[in-house]
Amino acid sequence: RRDGFIEVRQQLLRLAKQFSGRIVLIHRSPPFSAPNASAGSLHWEGNFGHLMPAPGGWTRLTVDEEGMLEVTSTIMARTAS
């Protein structure tokens, strides 16, 4: 599958390996390494995480003092107009 971003993804993964911390990329499509990932889920490849936010809602990332990351997604209910 080719979407035009393979070089960017490869470069980000290569740079992430040189970084001691964790990196989270937030984007609208599932990661190539987890094509069936659900919206609001966080998928890690080493220290590089992919987050696909839930559509039509909010996604909150919380990092505690130990560096643990929690993802909370809220889907907004649509009201009839």
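Helices here are DSSP runs of H or I at least four residues long, numbered from the N terminus. With that in hand, let's walk through this predicted model.

**The whole chain.** Start by colouring by secondary structure: you should find one helix and five strands. Read from the N terminus, the order is α-β-β-β-β-β. If you then colour by accessibility, buried residues account for 16% of the 81 residues in the protein chain.

**Stop one: the helix.** Select residues 6-17, which form helix α1, and pick out L15 within that stretch. Is L15 buried, exposed or partly exposed? Its relative accessibility is 44%, so L15 counts as partly exposed. Now add F48 to your selection and draw a C-alpha to C-alpha distance: L15 and F48 lie 9.7 Å apart in space, with their positions 33 residues apart in sequence.

**Stop two: a loop between strands.** Next, go to N47, in the loop that links β2 (42-45) to β3 (48-51). N47 counts as buried because its relative accessibility is 17%, and the cut-off for buried is under 20%. Show its side chain and look for a partner: the N47 side chain reaches the backbone oxygen of G21 at 2.8 Å.

**Stop three: a charged patch.** Finally, select D64, E65, E66 and E70 and switch on the surface; together they gather in a patch of negative charge. Zoom in on E65, which sits in the loop between β4 (57-63) and β5 (69-75). With 84% relative accessibility, E65 counts as exposed, whereas N47, your previous stop, counts as buried.

Technical notes:
Residues numbered from 1 in each chain as written. Predicted model: local features only at pLDDT ≥ 70, side-chain atom pairs only at ≥ 80, totals over all residues. Heavy atoms only, no water. Patch = residues over 30% accessible without salt bridge, like charges linked within 9 Å, V, L, I, M, F, W, Y side chains within 5 Å. Areas by Shrake-Rupley, 256 points an atom, 1.4 Å probe, with all protein chains shown as cover. Salt bridge = Lys/Arg side-chain N within 4 Å of Asp/Glu carboxyl O. Lys, Arg positive; Asp, Glu negative; His and termini not counted. Charge placed at Lys NZ, Arg CZ, Asp CG, Glu CD. Helix = DSSP H or I, 4+ residues; strand = E, 2+ residues; numbered from the N terminus. Buried < 20%, exposed > 50% of the residue type's maximum accessible area, 1.4 Å probe, protein only. Polar contact = N/O pair within 3.5 Å; in protein donor to acceptor, adjacent residues only side chain to side chain.
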